[in-house]
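User: I'm new to this one and would like to learn how to read it. Could you walk me through it step by step?

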Amino acid sequence: MEKVKVSDREFTISLPEAQIMKRVSEVAAQINQDLKGERPLFLAVLNGSFIFAADLLRGIDLDCEITFVRLASYEGTASTGEVKQLLGLKENIEGRTVIIVEDIIDSGLTMQELLKLLQKKNPKDIRIAALLVKPGNLKVNLDIPYCCFKIPNDFIVGYGLDYNGEGRNLRSIYTVVPQD
Ligand code: 5GP
Ligand code: MG
């Protein structure tokens, strides 16, 4: 079993590069088919989605645009608790078909917040493209039409995703080895 060390932890291979590439092209083909005649705006959520976004976009044969956003947390009032703020969106998305490009959906809370923030801007349609989904951890109901892989709840790294800021450059996806 291929093993790597990232920061202070060991990880074993979970999704090899070739399998990721194949699946990302399939999902791109699905988007091409579903959105024929549209001019979608891909909205990639930094940092984790940068590699997935690059591969996905090269599989798209529609006229399209891509933009990169970041979600920042800040403290709201005591009653609202933590609120997310959307940074970097300069495009007007009113009346447009938006495809959110996300690395991983875990509890789904981040995605739910992002959807709320985007809905206020009156897009025509918002669809989610996620490299990975952990269905066992989902706390909210989300429609994810373009999901590449469903995975168990274990922590993963690679292909854009980090552990302690490292490991984003790994070409495959690796799962953490439990510590005893
Ligand atoms: P959610 O709001 O869906 O619980 O959290 C999503 C965010 O948690 C992702 O964008 C990612 O930053 C982080 N995350 C969740 N699971 C993992 C994981 O297994 N590995 C890494 N690197 N990040 C994760
Ligand atoms: Mg993310």
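User: Let's start with one residue. Where does Tyr-159 lie?

Analyst: Keep in mind that this is a predicted model. To place a residue, look for the elements on either side of it. Tyr-159 is in the loop that runs between strand 9 (156-157) and strand 10 (173-176).

User: What is phi of Tyr-159 near?

Analyst: Phi is a backbone angle, so check its sign and then the residue type. For Tyr-159 phi is near 50°, which is a positive value in a residue other than glycine.

User: Is Tyr-159 buried or exposed?

Analyst: Here you need a cut-off: buried means under 20% relative accessible area. Tyr-159 has a relative accessible area of 3%, so it is buried.

User: Which residue in the loop between strand 1 (3-6) and strand 2 (9-15) could I look at next?

Analyst: Try Ser-7, which lies in that loop. Its phi is near 55°, again a positive value in a residue other than glycine. Now turn to the surface: Ser-7 has a relative accessible area of 31%, so it counts as partly exposed.

User: Which residues does the cis peptide bond join?

Analyst: For this one, go to the omega angle. The cis bond joins Leu-46 and Asn-47, with omega at about 5°. As for its setting, Asn-47 is in the loop between strand 3 (41-45) and helix 2 (50-58).

User: Now the ligand. How many residues surround ligand 1?

Analyst: Begin with the shell, meaning the residues around the molecule. There are 14 of them, and the closest are Ser-107, Thr-110, Lys-134, Ile-156 and Asp-162. Sorted by class, the shell has six nonpolar, three polar and five charged residues.

User: Which atoms of Ser-107, and then of Thr-110 and Gly-108, should I check against ligand 1?

Analyst: Look for pairs of polar atoms and read off the distance. An N or O atom in the side chain of Ser-107 is 2.5 Å from an oxygen atom of ligand 1. In the side chain of Thr-110, an N or O atom is 2.4 Å from a ligand 1 oxygen. With Gly-108 the partner is a polar backbone atom, 2.9 Å from an oxygen atom of the ligand. As for cover, ligand 1 taken alone exposes 520 Å², and the protein buries 78% of that.

User: Which pocket does ligand 1 take, and which elements give two or more residues to its shell?

Analyst: The space taken by ligand 1 is the largest pocket. Strand 6 (97-105) and helix 3 (109-119) are the elements that give two or more residues to the shell. Strand 6 gives the most, with three residues.

Technical notes:
Residues numbered from 1 in each chain as written. Chains lettered and ligands numbered in written order. Predicted model: local features only at pLDDT ≥ 70, side-chain atom pairs only at ≥ 80, totals over all residues. Heavy atoms only, no water. Near = heavy atom within 4 Å. Polar contact = N/O pair within 3.5 Å; in protein donor to acceptor, adjacent residues only side chain to side chain. Areas by Shrake-Rupley, 256 points an atom, 1.4 Å probe, with all protein chains shown as cover. 1 Å grid on protein atoms, 1.4 Å probe; cavity = no way out; pocket = protein on both sides within 12 Å on 5 of 7 lines; lining within 4 Å. Sits in = over half its atoms within 2 Å of the grid points. Helix = DSSP H or I, 4+ residues; strand = E, 2+ residues; numbered from the N terminus. Nonpolar A, V, L, I, M, F, W, Y, C, P; charged D, E, K, R; others polar. Buried < 20%, exposed > 50% of the residue type's maximum accessible area, 1.4 Å probe, protein only.
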